[in-house]
Amino acid sequence: MPIPADDLSRNLTHANAEALPHIGLVGDTYTVLLSAKDTAGKYCLIDMHIPPGGGPPPHRHDFEETVTVLLGEIEATFRGQKSTIQAAETIHIPANSPHQFRNAATRPARLLCICAPAGQEEFFKEVGVPVATRTTPPPQPTPEDQAKFRELAEDLAPKYKTEFLPPAGL
């Protein structure tokens with residue numbers, strides 16, 4: 001089967017993590033480098049700054065996720081098994097599998113996360129808050145703000161085919 005012709009409606013995308021909008025979410029800061037519009041919906045690429053103690057809660061979703069640690073390390077829990085992922089290492093999380101990662105170290109971690117197909121970046125935009133830089137932490141939420149965030153995230157999760165799990169759900 002021959003390779004299709006070049007799609008001239010698509011252009012080269014040049015992403016600079018320092019110059020893009022930054023999203024504060026669950027104590028972390030995410031910068032969407034490539035979104036669905038850049039990749040024809042095939043995947044999104046997110047630069048993640050994870051401070052000590054940071055990382056998303058236990059969850060699962062119906063898309064593939066690949067994480068490369070650029071700086072520092074993270075503790076990944078996949079189907080209940082914990083492992084430490086260091087700089088220059090990559091993990092791949094199959095769709096629908098329960099997982100979580102967190103920064104258990106004393107210094108920040110920087111990750112690149114690919115979600116395929118794209119869409120997760122839109123969830124982050126809907127629930128996160130704008131922050132000034134790639135490493136600016138989101139503002140500390142009040143208990144009321146945290147409850148509103150949790151409610152919004154749980155309400156939007158089905159739209160983005162994501163399910164939050166209790167810690168024992170891993």
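Setting aside residues up to four places away in sequence, Phe124 touches Ile23, Leu25, Tyr30, Ile46 and Met48. That is a handy place to start in this predicted model, since Phe124 turns up again in the core and in the aromatic groupings. The largest nonpolar core holds 27 residues, and Phe124 is among those with the most contacts inside it, along with Ile46, Met48, Ile74 and Leu111. Two of these, Ile46 and Met48, are also on the contact list of Phe124 itself. As a general backdrop, nonpolar side chains in soluble globular proteins tend to be buried together.

The aromatic side of the story runs through the same residue. The count of aromatic pairs comes to four. One of them joins Phe123 and Phe124, with the ring centres 6.2 Å apart and 50 degrees between the planes, a tilted arrangement. Both Phe123 and Phe124 are buried. Phe123 also pairs with Tyr160: here the centres are 5.5 Å apart and the planes sit at 55 degrees, so this pair is tilted too. Phe123 belongs to helix 2 (residues 120-127), while Tyr160 sits in the loop between helix 3 (143-156) and strand 12 (162-164), so the pair ties together parts that are 37 residues apart in sequence. Neither partner has much accessible area: Phe123 is buried at 5% relative accessible area, and Tyr160 counts as buried at 13%. Taken as a group, Tyr30, Phe123, Phe124, Tyr160 and Phe164 make up one aromatic cluster. Tyr30 is thus a member of the cluster as well as a contact of Phe124.

Now for the strands. Seven of them form an open sheet in the order 8-5-10-3-2-1-11, with antiparallel pairing. Strand 8 (90-93) and strand 11 (129-131) are the edges, each pairing on one side only. From one strand to the next, the twist averages 30 degrees.

At the strand 8 end, four bridges join strand 5 to strand 8, and the two run antiparallel. Within that pairing, Glu65 has Ile93 of strand 8 as its bridge partner. Side chains alternate along strand 8: Ile91 and Ile93 point to one face and are buried, whereas Thr90 and His92 point to the other face and are not. On to the next pairing in the sheet: strand 5 (residues 64-71) and strand 10 (residues 109-116) are antiparallel and share seven bridges. Here Val69 stands opposite Leu111 of strand 10, and Leu111 is one of the residues with the most contacts inside the largest nonpolar core.

Strand 10 spans residues 109-116, which brings up the cysteines at 113 and 115. The structure holds zero disulfides. Cys113 is in none, its nearest cysteine sulfur being that of Cys115, 3.9 Å away. Why is the sulfur of Cys115 not bonded to that of Cys113? The 3.9 Å between them is too far for a bond, because a disulfide needs the two sulfur atoms within 2.5 Å. Both residues are tucked out of reach of the probe for the most part: Cys113 is buried at 1% relative accessible area, and Cys115 counts as buried at 2%.

Another antiparallel pairing links strand 6 (residues 73-78) with strand 9, over four bridges. Glu75 has Arg102 in strand 9 as its bridge partner. Strand 9 (residues 99-102) has two contrasting faces, with His99 and Phe101 on the covered one and Gln100 and Arg102 on the uncovered one. Arg102, the partner of Glu75, is therefore on the uncovered face.Last comes the stretch around helix 1. Ser35 lies in the loop between strand 2 (28-34) and helix 1, and is buried with a relative accessible area of 7%. Leaving out neighbours within four places in sequence, Ser35 is in contact with Tyr43, Cys44 and Glu121. Asp38 is found in helix 1 itself (residues 36-39). Is Asp38 buried or exposed? At 19% relative accessibility, Asp38 counts as buried, the cut-off being under 20%. With neighbours within four places in sequence again left aside, the contacts of Asp38 are Arg10, Thr13 and Leu33.

Note on methods
Residues are numbered from 1 along each chain as its sequence is written. This is a predicted model: local features need pLDDT of at least 70, side-chain atom pairs count only at pLDDT 80 or more; totals for chains, interfaces and linings use all residues. Side-chain values use heavy atoms; hydrogens and water are left out. Two strands pair if DSSP finds at least two bridges between them. Axes are lines fitted to C-alpha atoms, for helices over the stretch in contact, and angles run from 0 to 180 degrees between N-to-C directions. Buried means under 20% relative accessible area, exposed over 50%, partly exposed in between (1.4 Å probe, protein chains only). Contact means heavy atoms within 4.5 Å. Rings of Phe, Tyr and Trp (its six-membered ring) pair if their centres lie within 6.5 Å; planes under 30 degrees apart count as stacked, over 60 as edge-to-face and the rest as tilted. A nonpolar core is a set of buried Ala, Val, Leu, Ile, Met, Phe, Trp, Tyr and Cys residues joined through side-chain atoms within 4.5 Å.
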